[in-house]
Every structure is written in C-alpha cells, then in structure tokens.
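This report goes with the structure shown below. Please keep the structure open while reading.

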Amino acid sequence: MSEIMVGIVMGSDSDLPIMEKCAQALDEFDIGYEMVVSSAHRHPEKTARYAKGAADAGLKVIVAGAGGAAHLPGVLASMTLLPVIGVPVAIEPLHGVDSLYSIVQMPPGIPVATVTINGAYNAGLLAVQILAVHDEKLRHKLNSYRQGLAAKVEEKDCQLRDKLAQCKRPDVGESK
Ligand code: RP5
C-alpha cells in the first residue's frame, strides 16, 4: 500500500460525494491518502489536533472541503505549514458561492489554494503537482496525463470536422 501523503479533510460526511473526486484523482496517480471528517465549528479541537499533527504524521499536502460558512481549510492552514487546498462544496441555499467566498478570502499571511466550487478533482491534481516537484516519476505521469488531455481534444476536433463535413451544404452554384 502507498504511503499516506495527502490528508483529505471534510466538514461532514455529506461532503463525501464531492470529496471522493479528490480521492479519484489521487488514485489515478497511486498517491496514498486518508479521508477524515472534522469541523472548524462543530469540533474545533479535533481540527486543531489534525492540523498540528499533519506534518509529523508524514502528510505533505492537505485538501479540505466544506460547505456554507466554510472555515475548515483556513483554520487548518493557520495551524500547519503544509500547503492546504480548499474545496468549496455547494450546499443549499447559496449553492457554493458562500463556501467559495469563505475559503478564498484568506487574510495575507495564511494562504489557501482555492479551487472552483465542487472542484475536488482538480484539488487532487494540484496535490499531485505539488508532490511532483520532488518526484521525477510523478512528473512523467503528469506529462502523460496532459498528453492524454491533448489527444482527447484532437479526437473531438476530428469528430466535429467529420460531423460538419457530413451536413455540409452544397456550394453556391453547385445545385440547380
Ligand atoms: C459544513 O456544513 C459541511 O462541510 C457541510 O458541507 C455542511 C453541512 O453539514 P451537515 O449538516 O450535512 O453535517 O460544515
């Protein structure tokens, strides 16, 4: 089993359907992780304990997702020197705009790298990129991943051209 490098923390188990996408990205690159429920408001002591112990536990990056008054990523970031990536989770009634603003508006001095609303997959990829700074093998994997993205764009371009060619109207003067 891979060494645990990333802590995926979420404010509630109701965030799991979103935060699973972070785990999916990490799985694709064989990065070990743990998933934890903690809460900046409902269990601040646990949140502080986790943040303070994360580096000694061997973690290299924390990905934290929460919805509403989403203070979890910022509170974790205030108590560790590890990079923290925040995922604003969309919940009713403000659909994640509240979470986004709560996470992205950190004061100078305590940064949180914020991804888009429900952007847990990209949070996972960003964690991989951070780990890849000191891991050449991982950089190769990321390069292949990017090449795969480019290949998909080419494929879609071909499909679109084929489709357009099939429904191409006759040129002016060609009919009659
Ligand atoms: C936040 O409150 C959690 O991150 C979750 O997104 C939201 C609702 O939590 P539950 O009421 O579903 O536990 O702290």
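The text below covers the ligand site first, then the backbone, then single residues.

This is a predicted model, in which local features need pLDDT of at least 70 and side-chain atom pairs count only at pLDDT 80 or more, while totals for chains, interfaces and linings use all residues. Residues are numbered from 1 along each chain as its sequence is written, and side-chain values use heavy atoms, with hydrogens and water left out.

**The ligand site**

The residues around the ligand are Gly11, Ser12, Ser14, Asp15, Arg42, Ala66, Gly67 and Ile91. A residue is counted here if one of its heavy atoms lies within 4 Å of the ligand. This shell divides into two nonpolar, four polar and two charged residues. In this grouping, Ala, Val, Leu, Ile, Met, Phe, Trp, Tyr, Cys and Pro are nonpolar, Asp, Glu, Lys and Arg are charged, and the others, Gly among them, are polar.

Oxygen atoms of the ligand make polar contacts with Ser12, Asp15 and Gly67. A polar contact is a pair of N or O atoms within 3.5 Å; within protein, one must be able to donate a hydrogen and the other to accept it, and residues adjacent in sequence count only if both atoms are side-chain atoms. For Ser12, a polar side-chain atom is 2.6 Å from a ligand oxygen. For Asp15, the side chain supplies an N or O atom, also at 2.6 Å from a ligand oxygen. Gly67 takes part through a polar backbone atom, 3.1 Å from an oxygen of the ligand. On its own the ligand has 360 Å² of accessible area, and the protein covers 71% of this. Such areas come from the Shrake-Rupley method with a 1.4 Å probe; for residues, only the protein chains shown count as cover.

The ligand takes the space of the second largest pocket. On a 1 Å grid over the protein atoms alone, a pocket is an open set of points with protein on both sides within 12 Å along at least five of seven lines, where a cavity is a set in which a 1.4 Å probe fits but cannot get out; lining residues have an atom within 4 Å of a point. A molecule sits in a pocket if more than half of its atoms lie within 2 Å of its grid points.

Arg42, one of the residues around the ligand, also has a contact within the protein: its backbone nitrogen lies 2.8 Å from a polar side-chain atom of Ser39. Ser39 is in the loop between strand E2 and helix H2 (44–54). Helices (H or I, at least four residues) and strands (E, at least two) are DSSP runs, numbered from the N terminus. Ser39 counts as buried because its relative accessible area is 12%; buried means under 20%, exposed over 50%, and partly exposed in between (1.4 Å probe, protein chains only).

**Backbone features**

Most residues other than glycine have a negative phi, and most peptide bonds are trans. Where is Asp30, with its positive phi near 55°? Asp30 lies in the loop between helix H1 (16–28) and strand E2 (32–37), and is exposed at 53% relative accessible area. His95 has a positive phi near 55°. The loop between E4 and H4 holds His95, which is partly exposed at 48%. Pro93 is found in the loop between strand E4 (84–89) and H4, and the peptide bond from Glu92 to Pro93 is cis, with omega near -5°.

**Residues far apart in sequence**

The table lists C-alpha distances for four pairs.

| Pair | Apart in sequence | C-alpha distance |
|---|---|---|
| Tyr145 and Ala127 | 18 residues | 15 Å |
| Met106 and Val75 | 31 residues | 10.0 Å |
| Ile85 and Gly74 | 11 residues | 9.3 Å |
| Pro73 and Gly11 | 62 residues | 9.4 Å |

Tyr145 is in helix H6 (residues 136–166) and is partly exposed, at 21% relative accessibility. Met106 lies in the loop between helix H4 (97–104) and strand E5 (113–114); at 24%, Met106 is partly exposed. Ile85 is in strand E4 and is buried, at 1%. Pro73 belongs to helix H3 (residues 72–78) and is buried, with a relative accessible area of 1%. Gly11, the partner of Pro73 in the table, is among the residues around the ligand.
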